[in-house]
Amino acid sequence: MVTGPGVVLGRKGTLGTVFYIENDHWPHDTTLWVKDFHGNEPHFVYYFFKNMGRELFWMDVGAANPTLNRNHVHPIEVLWPDIDEQRAIAHILGTLDDKIELHRRMNGTLESLARALFRSWFVDFDPVRAKAAGRRPHAMTKEIARLFPNAFQPSTIGEIPKGWTCGTLEEIVRLNKESVTPILRAQELFEHYSIPAYDEGKTPKLEPGADIRSNKHIVLPDCVLISKLNPRIPRVWLPYPADGYPSICSTEFLVVVPRAGISRAYVYCLLSSAPFMQVFETLVTGTSGLSLIHISEPTRPLYISYAVFCL
């Protein structure tokens, strides 16, 4: 057991991953950890190692599994400021991290609201049920309410809103399987959407091709990423590729592209929904064949933009 605060580095598997831990903790034997800061500012040490991520990655001495040897880390020569400058730098970076964390929480709240609205409209059909009962849909403008029918019709998967049709997921999306080998473009910077980047805050990392050792999928501007790795942990990503850098993702992600007339925002909500994930857990090797409902009335463009997943 280590008395907090502490800094923990990935030693096996995910080299260069760094964590700052305020409280007492139990570092695993697949990590390296700092418990004696020799009078230095712990937050500064954390940011220092975060900045060293690429150098630590290249110190891999493992065979099948990436491994970091602490005896290779200790002799590294570094330029180290005095304690007052360490505190000043750590304060600025910590303030920025606090702002980032606040925005992440706000985004999480907004996303939860969007998911609740999606389920209400496109899974439970609340607006249609309200109109069928002669009531005005709750918390909805008249303009939006007019877009929903006021009756249901039978279908092969149960009762669905009138005018909507049944189909399969592959009818509204396709998989993009284009790939690239970044290491063949060693000096070029890539915007890399990876599982660790998702888990650390859904922020892709700029990495040189020389650091990316395997083939990657190409991330298209209008796509949605969904991880097929351990689907019990949902990872659905709405990427916004940066200008000037090729965007790539781990092959653990499926690159899902909406077909013409289908909203990317809808596809993201669909793939993020609990009913979809329950089925996806059993179909991690493909994305076709899942039952869903989609609206196909050609005179109503907004309707064409949406689909409804239904078990």
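Which residue's backbone nitrogen does a side-chain oxygen of Glu41 reach at the start of α1? The points below address this and other features of the model, which is a predicted one.

1. Start of helix α1. The partner is His43: a side-chain oxygen of Glu41 comes to within 3.2 Å of the backbone nitrogen of His43. The helix that begins here spans residues 42-51.

2. Burial of helix α1. Of the 10 residues in α1, 7 are buried, so this helix is largely enclosed by the rest of the structure. The buried positions are Pro42, Phe44, Val45, Tyr46, Tyr47, Phe48 and Phe49.

3. The loop preceding α1. His38 is placed in the loop between β3 (31-34) and α1. Its phi is near 50°, a positive value in a residue other than glycine. With a relative accessibility of 67%, His38 counts as exposed.

4. A further positive phi. Lys202 has phi near 55°, again a positive value in a residue that is not glycine. Lys202 belongs to the loop between α7 (195-199) and β10 (205-208). Its relative accessible area is 34%, so Lys202 is classed as partly exposed, the class that lies between the 20% and 50% limits.

5. A cis peptide bond. The bond from Gly4 to Pro5 is cis, with omega near 0°. Pro5 is found in the segment before β1 (6-10).

6. Aromatic pairs. The model contains 18 aromatic pairs. One of them joins Trp121 and Phe122 in an edge-to-face arrangement, with 5.9 Å centre to centre and 75° between the planes. Both partners are buried: Trp121 has a relative accessible area of 16%, and Phe122 has one of 5%.

7. A pair between distant parts of the chain. The ring centres of Phe125 and Phe152 are 6.2 Å apart and their planes meet at 55°; the pair is therefore tilted. Phe125 is in the loop between α4 (83-122) and α5 (126-132), whereas Phe152 is in strand β4 (residues 152-153), and the two are 27 residues apart. Phe125 is buried, with a relative accessible area of 2%.

8. The aromatic cluster. Which residues do ring pairs link into a cluster? The members are Phe118, Trp121, Phe122, Phe125, Phe148, Phe152, Trp164 and Tyr266. The cluster thus takes in Trp121 and Phe122 as well as Phe125 and Phe152.

9. A charge over a ring. Arg264 lies over the face of Tyr240, at 4.9 Å from the ring centre.

10. The largest nonpolar core. This core has 29 residues, and those with the most contacts inside it are Ile226, Val267 and Leu271. Two or more residues each are supplied by α4, β12 (224-227), β15 (253-258), α8 (264-272) and α9 (274-280). The largest share, 6 residues, comes from α8.

11. Surroundings of Ile226. Leaving aside residues up to four places away in sequence, Ile226 touches Arg235, Val236, Glu252, Phe253, Leu254, Val256, Leu271, Phe276, Met277 and Phe280. Leu271, among these contacts, is also listed with Ile226 among the residues with the most contacts inside the core.

12. A second core. A separate core of 15 residues includes Val7, Leu9, Leu32 and Val45. Of these, Val45 is one of the buried residues of α1.

Technical notes: Residues are numbered from 1 along each chain as its sequence is written. This is a predicted model: local features need pLDDT of at least 70, side-chain atom pairs count only at pLDDT 80 or more; totals for chains, interfaces and linings use all residues. Side-chain values use heavy atoms; hydrogens and water are left out. Rings of Phe, Tyr and Trp (its six-membered ring) pair if their centres lie within 6.5 Å; planes under 30 degrees apart count as stacked, over 60 as edge-to-face and the rest as tilted. Buried means under 20% relative accessible area, exposed over 50%, partly exposed in between (1.4 Å probe, protein chains only). Helices (H or I, at least four residues) and strands (E, at least two) are DSSP runs, numbered from the N terminus. A charge sits over a ring if NZ of Lys or CZ of Arg is within 6 Å of the ring centre and within 35 degrees of the ring normal. A polar contact is a pair of N or O atoms within 3.5 Å; within protein, one must be able to donate a hydrogen and the other to accept it, and residues adjacent in sequence count only if both atoms are side-chain atoms. A nonpolar core is a set of buried Ala, Val, Leu, Ile, Met, Phe, Trp, Tyr and Cys residues joined through side-chain atoms within 4.5 Å. Contact means heavy atoms within 4.5 Å.
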